[in-house]
Amino acid sequence: MEKRTILIADDAQINREMIKFIFEEQYEVLEAQDGEETIAILDEHAEELAVLFLDLIMPKKTGLDVLAHMQVKGYTDFLPVIMITGEATPEAEYKAYELGASDIIYKPFEPKVVMRRTMNITELFEHRSDLERKLEERTRELMASREQLEQNNAFLINALGSVVEFRSMESGEHIRRVKIFTGIILEYVRKFYPEYGLTKKQISMITQASALHDLGKIAIADAILLKPGKLTRDEFEEMKKHTIYGCDILERFKQEETEFYRYCYDICRYHHERYDGNGYPDKLVGEEIPIWAQVVSIVDVYDALVSKRVYKAAYDVKEAARMICEGECGVFSDKILDCFDLAKEELFAITQQEFIEDEVSQK
């Protein structure tokens, strides 16, 4: 909305009359005789004003005092201020500009110059306000679009993960639990091991990416994937390749090298690596394994132990935790084991509750 009001703040009536004469045909004019009156009018009408003409030297409060008040209130963000003065020191001029003044005009006034400079400043502010408004609107649109994209990505990731579980003849809950457990342990990592630099946003992305850890099982033959007994050496070697196959699938669909893609790729490829180098497929050692892959690795092992599969019965949650902590499922870092230990009661509670609900639903 176009602003059609100006405020002239000057203790000399003749100066107010001169400026009023210049602008009274284009604007409604408010007047103030001292600094305190100026502040009172600003606090009531700042949003309605197109420009403030502000005398540097006034009774009660100076022009600089008024500017300081305006800066605190945020008025100078949207209201241009033109200082008017008979003379000013360089220090006063600098202070005025530092506090948000847009221009300084010296007495006596030249009406055409005052009019032109005022028009330039108000047009500049209007243009800036318009740009800021458009930027805010565009930002809101982009945020809404990004949120929708994230929702779509989450749906597609979960759907793809469910396809893997369906092929594996699993309950369909493994991926959901892996995501929940991953988020829990990552929070402990963030809290107790800040050297990894994990943020809330990264934890959210890693948690979503964890759903794709077994993506490569899509490429494993049913005869191996669904075999109820122990795999032969050759079959196990083929099964281990699901870490490679998953990355191959990701590469085919990659559009750009984003942070989220890196989490998906690393988790797919490295969630069977072990801290001592005895994992697969690349036999990474120690912190060569990305922390997000380390977390998904221990979570995947835990859920596999406590879940019933075609080739084994489920372990008790405490027994599963013991096996992990004593190295029966491969070597994990002390930091990851520490976080697992801190989180295990939460993991136990979720596991037991879900399996109780599963049993009830199957009856």
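User: In this predicted model, is Leu 67 buried or exposed?

Analyst: Leu 67 is found in helix α3, which spans residues 63–73, and, leaving aside residues up to four places away in sequence, Leu 67 touches Leu 54, Thr 76, Val 81, Met 83, Ala 96, Leu 99, Gly 100 and Ala 101. Since the relative accessible area of Leu 67 is 0% and the cut-off for burial is under 20%, Leu 67 counts as buried.

User: What distance separates the C-alpha atoms of Leu 67 and Ala 96?

Analyst: Ala 96 is one of the residues that Leu 67 touches, although the two lie 29 residues apart along the chain. Their C-alpha atoms are separated by 7.4 Å.

User: Which residue has a side chain joined by a polar contact to that of Asp 103?

Analyst: Asp 103 is found in strand β5, residues 103–106, and counts as buried because its relative accessibility is 12%. Beyond residues up to four places away in sequence, Asp 103 touches Val 81, Ile 82, Met 83, Tyr 97, Arg 117 and Ile 121. Among these contacts, the one whose side chain makes a polar contact of 2.9 Å with that of Asp 103 is Arg 117.

User: Why do the buried residues of helix α9 lie on the same side of α9?

Analyst: In α9, residues 233–240, the buried residues are Glu 235, Met 239 and Lys 240. These three lie on the same side of α9 because the arc they cover around the axis is only 140 degrees. On the other side of α9, Arg 233 and Asp 234 are exposed, while what covers the buried residues includes α8 (222–225) and α10 (242–253). The value that places the buried residues on the same side is therefore the arc of 140 degrees.

User: How many disulfides does a search of the whole structure find, and which cysteine sulfur is nearest to that of Cys 268?

Analyst: The search finds zero disulfides. For Cys 264, which is buried with a relative accessible area of 4%, the nearest cysteine sulfur is that of Cys 268, 7.1 Å away, whereas a disulfide would need the sulfur atoms within 2.5 Å. Cys 268 is likewise buried, with a relative accessible area of 1%, and is in no disulfide; at 5.2 Å, the nearest cysteine sulfur to Cys 268 is that of Cys 247.

User: Which helix gives the most residues to the largest nonpolar core?

Analyst: This core has 48 residues, of which Ile 185, Val 189, Ile 298, Tyr 302 and Ile 324 touch the most other members. At least two residues each are supplied by α6 (174–192), α7 (200–209), α10, α11 (259–270), α12, α13 (317–325) and α14 (334–362). With ten residues, the helix that gives the most is α12.

User: How many residues make up the other core that lies apart from the largest one?

Analyst: In the largest core, Ile 185 is among the residues that touch the most other members, and its contacts, not counting residues up to four places away in sequence, are Val 295, Ile 298, Val 299, Cys 339, Phe 340, Ala 343 and Leu 347. Apart from the largest core lies another, which includes Ala 32, Val 81, Ala 92 and Leu 99, and its number of residues is 24.

User: In which helix is confidence lowest in the protein chain?

Analyst: The mean pLDDT of the protein chain is 84, and 85% of its residues reach 70 or more. Confidence is highest in helix α12 (residues 291–306), at a mean of 96, and lowest, at a mean of 67, in helix α5 (residues 111–167).

Key:
Residues numbered from 1 in each chain as written. Predicted model: local features only at pLDDT ≥ 70, side-chain atom pairs only at ≥ 80, totals over all residues. Heavy atoms only, no water. Buried < 20%, exposed > 50% of the residue type's maximum accessible area, 1.4 Å probe, protein only. Helix = DSSP H or I, 4+ residues; strand = E, 2+ residues; numbered from the N terminus. Arc of directions from axis to C-beta. Contact = heavy atoms within 4.5 Å. Polar contact = N/O pair within 3.5 Å; in protein donor to acceptor, adjacent residues only side chain to side chain. pLDDT = per-residue confidence, 0-100. Core = buried A, V, L, I, M, F, W, Y, C linked by side-chain atoms within 4.5 Å.
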